[in-house]
Amino acid sequence: MDAARTRIREIEADELAQQLSQQPDAVLLDVREVDEYAAGHVAGAEHLGKGVIERDIEARHPDLSTPLYLYCGGGYRSALAADALTQMGYRNVVSVNGGWRALQSLMPTTGPTAG
């Protein structure tokens with residue numbers, strides 16, 4: 001995990017809203033499991049679980065320069081997924097440290113736990 005963090009770009013959860021507002025073409029990806037996503041997620045986030053992201057990312061976002069912001073529950077899975085995407089050639093991948101636990105109080109959310 002620590003090795004992955006040395007190879008990726010990471011921001012804190014409280015920086016995400018500003019980053020997204022400055023990049024209208026940015027994509028927010030929730031890399032948690034489908035049941036976690038269904039229970040609540042950041043409004044506008046696409047679900048692409050860590051287990052399938054390497055298989056499915058090219059079909060959904062073929063442009064390697066697309067800004068991709070990834071979050072999970074706390075920042076572990078998103079860091080690993082960001083590392084994998086970077087190794088696949090994606091150039092603007094960012095992991096959100098703090099993940100869903102931090103974001104649900106910072107950004108609009110949808111789903112049963114929306115607040």
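**View 1. How much of the chain is tucked away.** In this predicted model, buried residues make up 43% of the 115 residues in the chain. About 5700 Å² is exposed, and 49% of that comes from carbon and sulfur atoms. As for charge, there are 10 positive and 16 negative side chains, with the centres of the two sets 3 Å apart.

**View 2. The chain as a whole.** Count along the chain and you'll find six helices and seven strands. Starting at the N terminus, they come in the order α-β-α-β-α-β-β-α-β-α-β-α-β. The radius of gyration is 13 Å, close to the 13 Å that the globule rule gives for 115 residues, so the chain is as compact as a globular protein of that length. Along the principal axes, the C-alpha atoms fill a box of roughly 35 × 30 × 25 Å. Take the contacts with a separation of 6 or more: 70% of them link residues 24 or more positions apart.

**View 3. The open sheet.** Here five strands line up in the order 1-6-5-2-4, with parallel pairing. The edges belong to strand 1 (9-12) and strand 4 (46-47); each has a single partner strand, so one side of each is left without a neighbour in the sheet. A bit of background: strands of a sheet pair through backbone hydrogen bonds, either parallel or antiparallel.

**View 4. Strand 2 and its two partners.** Strand 2 covers residues 27-30 and pairs with strand 4 in the parallel sense over two bridges. At these bridges, Leu29 stands opposite Glu46, and Asp30 has His47 as its bridge partner. With strand 5 (residues 68-71), strand 2 also pairs in the parallel sense, this time over four bridges. Look there for Val27, whose bridge partner in strand 5 is Leu68.

**View 5. Two covered faces on strand 2.** In a regular strand the side chains alternate between the two faces of the sheet. On one side of strand 2 sit Val27 and Leu29, and on the other sit Leu28 and Asp30. Both faces are covered, with all four of these residues buried.

**View 6. A close look at His41.** This histidine, His41, lies in strand 3 (residues 41-42). Its relative accessibility is 12%, and since buried means under 20%, His41 counts as buried. So what does His41 touch, not counting residues up to four places away in sequence? The list is Asp30, Arg32, Tyr71, Trp100, Pro108, Thr109 and Thr110. You've already met Asp30 as one of the buried residues of strand 2.

Technical notes. Residues numbered from 1 in each chain as written. Predicted model: local features only at pLDDT ≥ 70, side-chain atom pairs only at ≥ 80, totals over all residues. Heavy atoms only, no water. Rg over C-alpha atoms; globule rule 2.2 N^0.38 Å. Buried < 20%, exposed > 50% of the residue type's maximum accessible area, 1.4 Å probe, protein only. Contact = heavy atoms within 4.5 Å. Areas by Shrake-Rupley, 256 points an atom, 1.4 Å probe, with all protein chains shown as cover. Lys, Arg positive; Asp, Glu negative; His and termini not counted. Charge placed at Lys NZ, Arg CZ, Asp CG, Glu CD. Pairing = 2+ DSSP bridges.
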